Amino acid sequence: QNMQYDFDFQQTNLLTRPVNVLPGDILQVICTYNTTGVNNVTMGGLSTYEEMCLSFPVYYPRIELGVCLSSYDWNNYIPFAQSNLAPADFQALQTTLLQTGSNLYSGIKSIFGTLAWTQQQQ
């Protein structure tokens, strides 16, 4: 955890000792965000106004990479949405979750943007 992170001074953090990763091992990066004080929905993305989580592991020797992906489990939003969205917006969210690509992202951002964000919801 980097408590002195500065967007304008990004650096590489090296492990204090090498780690052996064996066939079948999984590397997983989990990011936790704090949007306290933000008064609207914050989505993931590459702009300064969006949250991002990037990891660039360096390894040797070279091997073929099986899978590398980023993903959200949008189902984690369902309990919050059901408690805080108007019924029509919640139905729209459920329909949106069936979409793929940029329509999914923009649809979710639009639906959560209808909320009047409070300190309790953050």
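A polar contact is a pair of N or O atoms within 3.5 Å, and within protein one of the two must be able to donate a hydrogen and the other to accept it. That idea is needed for alanine 92, whose backbone oxygen lies 2.8 Å from a polar atom of the side chain of threonine 96. Both residues belong to a predicted model, and the protein in this model has 122 residues, of which buried residues make up 16%. Its secondary structure comes to three helices and zero strands, and the points below go from the whole protein to single residues.

**The protein as a whole**
- Read along the sequence, the helices follow one another in the pattern α-α-α.
- When contacts between residues at least 6 apart in sequence are considered, 49% of them join residues that are at least 24 apart.
- The protein exposes about 10800 Å², and carbon and sulfur atoms supply 54% of that area.

**The largest nonpolar core**
- The largest nonpolar core has 14 residues, and those that touch the most other members are Ala81, Leu85, Leu93, Ile108 and Phe112.
- Two or more residues of this core come from each of helix 1 (78–84), helix 2 (87–96) and helix 3 (102–112), and helix 3 gives the most, with four residues.
- Leucine 93, if its neighbours within four places in sequence are left aside, is in contact with Ala81, Leu85, Ile108, Ile111 and Phe112.

**The aromatic pair**
- The structure holds one aromatic pair, formed by phenylalanine 80 and phenylalanine 112, with 6.0 Å from centre to centre and 35° between the planes, and this pair is described as tilted.
- Because phenylalanine 80 lies in helix 1 and phenylalanine 112 in helix 3, the pair ties together parts that are 32 residues apart in sequence.
- The two partners can also be described by their exposure: phenylalanine 80 is partly exposed, with a relative accessible area of 25%, whereas phenylalanine 112 counts as buried at 2% relative accessibility.
- The cut-off behind these words is that buried means under 20% relative accessible area, while partly exposed covers the values between that limit and the 50% over which a residue is exposed.

**The two sides of helix 2**
- Phe90, Leu93 and Thr96 are the buried residues of helix 2, and seen down the helix axis they fall within an arc of 120°, so they line one face of the helix.
- Pro87 and Ala88 are exposed, and they are found on the other side of helix 2.
- A general rule helps in reading such a pattern, because an α-helix has 3.6 residues a turn, so residues three or four places apart point the same way.

**Two residues of helix 2 in detail**
- Threonine 96 is found in helix 2 and counts as buried, at 7% relative accessibility.
- Beyond its neighbours within four places in sequence, threonine 96 is in contact with Asn103, Leu104, Gly107, Ile108 and Ile111.
- Glutamine 94 is also found in helix 2, but at 33% relative accessibility this residue counts as partly exposed.
- The C-alpha atoms of glutamine 94 and asparagine 75 are separated by 9.5 Å, although the two residues are 19 residues apart along the chain.

Terms used: Residues numbered from 1 in each chain as written. Predicted model: local features only at pLDDT ≥ 70, side-chain atom pairs only at ≥ 80, totals over all residues. Heavy atoms only, no water. Core = buried A, V, L, I, M, F, W, Y, C linked by side-chain atoms within 4.5 Å. Buried < 20%, exposed > 50% of the residue type's maximum accessible area, 1.4 Å probe, protein only. Contact = heavy atoms within 4.5 Å. Phe/Tyr/Trp six-rings, centres within 6.5 Å; stacked < 30°, edge-to-face > 60°. Arc of directions from axis to C-beta. Areas by Shrake-Rupley, 256 points an atom, 1.4 Å probe, with all protein chains shown as cover.
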